[in-house]
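User: Could you walk me through this one? I'd like to go from the overall fold down to a single residue.

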Amino acid sequence: MSATGKVDHLTGVRKIKPDCVLHYNLKMGAVDKADMINSFVECTRKTTKWYKKIFFHLIDTAALNGSIVHRQLTGKVITYQKYRENLMRELLEEHHTPRRPSTGGRPAVNNPLRLTARHFPCKVPQTAAQGSRTRRHCKVCLSGTRRSKQRKMTKYMCLACDTPLCISPCFEEYHMLKHY
C-alpha cells in the first residue's frame, strides 16, 4: 500500500491505495489520450455486429500507432487527421482497381445515337411465349417537357432504341429533337 498524496477532507486521514492501482492509474493516461484522439476521426459504423465494431476499433488504433511511429522516425509533425488522409490516399493509389464499364442496364439518358441513326419502322413487340402484345408507358408522353406530362400506354416500340413510343407525334419527336 502506498500513499496517494491526498487527504480525506472529512477525517483528515491520508488516503492510501494498493501499488497495482497506483501503477494502473499512472499508465492509464496514455489509453485515455489515444481514445480521445481516435474519437475525433474514428471510422466506426452503426452496426449491431460486435466483431465489426472491434475490427474498426483495431483499424483506428493501428492508424494512431502508425502516426506515432511516423512522427518518431521522420521527426515531421503533422496532424493525425492529415496523416490519415495521406495514408488513405497512398493505399488507394497502391491498391486501386478501376471499375469495369457496365455491361447491362439502361443506356445513357442523353443518347445522341437516337438523333442520328435510322430508326424506322416502328414495330409492335411480341413476347416469345404467348405471342401477345405488351403495353408500356410512352417515354415522350411520360417525361416530355414540351407539353404536359401524361401516362399514356402504347404497344409500339422503337426496336433500335428499345424504347416504348407512341406512333404520332412521340416517335418523331424522340428521334428528331434533343429536348423532347
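Analyst: Sure, here are a few questions and answers on this predicted model.

User: What pattern does the chain follow, read along the sequence?
Analyst: Start with the tally: the secondary structure comes to six helices and six strands. Put in sequence order, these elements give the pattern β-β-α-α-α-α-β-α-β-β-β-α.

User: How much of the chain counts as buried?
Analyst: For the outside, the chain exposes about 14800 Å², with carbon and sulfur atoms supplying 57% of it. As for burial, the chain has 180 residues, and the share that counts as buried is 18%.

User: Is helix 1 roughly parallel or roughly perpendicular to helix 2?
Analyst: The axes of helix 1 (residues 19-41) and helix 2 (residues 50-74) come within 10 Å and cross at roughly 105 degrees. Angles of 65 to 115 degrees fall in one class, so helix 1 is, relative to helix 2, roughly perpendicular.

User: Which residues of helix 2 make that contact with helix 1?
Analyst: The residues of this contact divide into three nonpolar, three polar and two charged. Helix 1 brings Ala 34, Asp 35, Ile 37 and Asn 38. Facing them from helix 2 are His 57, Asp 60, Thr 61 and Leu 64.

User: Is Thr 163 buried or exposed?
Analyst: Thr 163 lies in strand 6, residues 163-164. Leaving aside neighbours within four places in sequence, Thr 163 is in contact with Lys 139, Met 157, Cys 158 and Tyr 174. Its relative accessible area is 6%, and the cut-off is under 20%, so Thr 163 is buried.

How values were computed: Residues numbered from 1 in each chain as written. Predicted model: local features only at pLDDT ≥ 70, side-chain atom pairs only at ≥ 80, totals over all residues. Heavy atoms only, no water. Helix = DSSP H or I, 4+ residues; strand = E, 2+ residues; numbered from the N terminus. Buried < 20%, exposed > 50% of the residue type's maximum accessible area, 1.4 Å probe, protein only. Contact = heavy atoms within 4.5 Å. Axes fitted to C-alpha atoms, helices over the stretch in contact; angles between N-to-C directions. Parallel < 35°, antiparallel > 145°, perpendicular 65-115°, else oblique. Nonpolar A, V, L, I, M, F, W, Y, C, P; charged D, E, K, R; others polar. Areas by Shrake-Rupley, 256 points an atom, 1.4 Å probe, with all protein chains shown as cover.
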